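Subject: Structure for you to look at

Hello,

I am handing over the structure below. My notes on a cavity and a sheet follow it.

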Amino acid sequence: MSTSPSASGLGSIADAAPSSADAAPSSLCAREPRVPADRLVAEMVPPPRFDSVRFDTYIPDPNQPSQTEAVHVLDAFAAGLGGAQAAGSGKRGFLGFGKKAAKAPAGPRGVYLDGGYGVGKTHLLASLWHATPAEPSLKAFGTFVELTNLVGALGFQQTVRTLSGHRLLCIDEFELDDPGDTVLVSSLLARLVEAGVALAATSNTLPGKLGEGRFASVDFLREIQGLSAHFRSLRIDGEDYRHRGLPEAPAPYSDEQVTKAAYATPGASLDDFPHLLDHLARVHPSRYGALTDGVTAVCLTDVQPVPDQSTALRLVVLADRLYDREVPVLASGMPFDRLFSEEMLNGGYRKKYFRAISRLTALARDAKDLVGTRKAS
């Protein structure tokens with residue numbers, strides 16, 4: 001299969017392109033961003049979708065008391081960090097909420113939000129980041145993948161030195177997908193805790209179960225238990241808010257509708273889905289955010305089930321970055337809930353795939369207005 005953006009898969013797109021003066025959309029396949037390491041550090045803040053979230057904008061489900069409890073615990077946690085000593089002392093409180101001690105307190109050194117998809121864990125984690133009384137340069141927020149990418153870019157020791165000066169490290173979507181990541185993150189967090197950095201994380205998997213079903217976790221039990229010891233777990237129950245009282249995701253549109261919408265939407269990109277998947281294999285996942293810089297909408301034709309696990313995991317990262325940036329996704333072909341095979345959805349990475357489906361479905365709803373009256377054209 002050709003991987004050129006102008007390959008045969010885009011021939012039909014060109015045929016369907018409007019003959020008006022609409023500007024041609026860009027192509028993600030034509031982008032090969034280069035991201036310097038210092039940008040990776042500077043961008044460790046809550047994504048644009050969560051710029052304005054706060055604890056008081058989180059609406060707990062009255063039928064789920066664990067949601068209200070999580071707000072109270074995290075609010076107190078943030079307030080306690082205001083009394084912390086300068087980073088690196090190793091003497092400030094964590095779940096003791098800011099009390100000084102002669103030595104680092106025993107027990108968990110952070111909070112861990114566990115729950116299903118769409119119960120507001122990232123909202124709460126970002127609210128904690130915003131509520132912690134410290135300069136943004138003393139707080140870091142990133143996904144688990146972004147954290148491991150940072151280590152890859154800076155090296156382990158430089159990452160420790162960089163983050164040891166922080167008061168708080170928030171890790172969203174905490175997942176361990178291979179033994180190497182287990183040892184790496186266990187070592188990194190142990191060093192940061194020793195330096196006095198407070199930790200907060202979200203995941204769909206309890207700390208003691210990380211890596212389960214993905215590799216022989218029994219061989220790495222010590223590392224996994226070490227990770228678990230850093231956190232007090234808070235279970236957040238509830239249904240996916242993205243589907244509470246909302247209509248089902250729109251069915252895929254035709255190639256012609258997607259193409260016309262892309263030409264009519266300033267800043268939109270337009271790509272053939274199989275070619276985009278090929279392109280993602282040539283771009284490091286740490287650059288997927290930069291890949292979408294300035295893109296107002298992603299338009300995809302010929303969406304098909306992903307062919308293999310490696311491709312599927314890259315698509316998950318792209319879905320996360322699009323969701324973070326609130327970029328609507330308009331697509332033709334297969335619906336998003338058929339992207340991943342039954343084997344994938346029943347395997348060790350199933351939680352990642354369900355998260356991607358949930359987020360892409362939300363972005364598909366956001367894209368409905370891009371078509372508007374063109375549906376009948």
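The lining of the largest cavity has 11 nonpolar residues, with no polar and no charged ones. Please keep in mind that this is a predicted model. The lining residues are Phe273, Val298, Leu300, Leu315, Leu318, Ala319, Leu322, Val329, Phe336, Leu339 and Leu360. Two elements, β7 (297–303) and α12 (309–324), give two or more residues each to this lining. The most comes from α12, which gives four residues. The space inside the largest cavity is about 70 Å³. With a lower limit of 30 Å³, the count is one cavity.

Next, the sheet. Three strands form an open sheet in the order β6-β7-β8, and the pairing is parallel. The edge positions are taken by β6 (268–272) and β8 (329–333); each has a single partner strand, so one side of each has no neighbour in the sheet. From one strand to the next, the twist averages 15°.

Between β7 and β8, the parallel pairing runs over four bridges. Val298 stands opposite Val329 in β8, and both Val298 and Val329 also appear in the cavity lining. Helix α9 (residues 255–264) packs on this sheet and touches β6, β7 and β8. The direction of α9 makes about 160° with that of β7.

If you want one place to start, which residue stands opposite Val298 in β8? That is Val329, and it is listed with Val298 among the residues that line the largest cavity.

Regards

Methods: Residues are numbered from 1 along each chain as its sequence is written. This is a predicted model: local features need pLDDT of at least 70, side-chain atom pairs count only at pLDDT 80 or more; totals for chains, interfaces and linings use all residues. Side-chain values use heavy atoms; hydrogens and water are left out. On a 1 Å grid over the protein atoms alone, a cavity is a set of points where a 1.4 Å probe fits but cannot get out, and a pocket is an open set with protein on both sides within 12 Å along at least five of seven lines; lining residues have an atom within 4 Å of a point. Grid points are joined across faces, edges and corners, and a volume is the space filled by probe spheres set on the points. Ala, Val, Leu, Ile, Met, Phe, Trp, Tyr, Cys and Pro count as nonpolar, Asp, Glu, Lys and Arg as charged, and the others, Gly among them, as polar. Two strands pair if DSSP finds at least two bridges between them. Axes are lines fitted to C-alpha atoms, for helices over the stretch in contact, and angles run from 0 to 180 degrees between N-to-C directions. Contact means heavy atoms within 4.5 Å.
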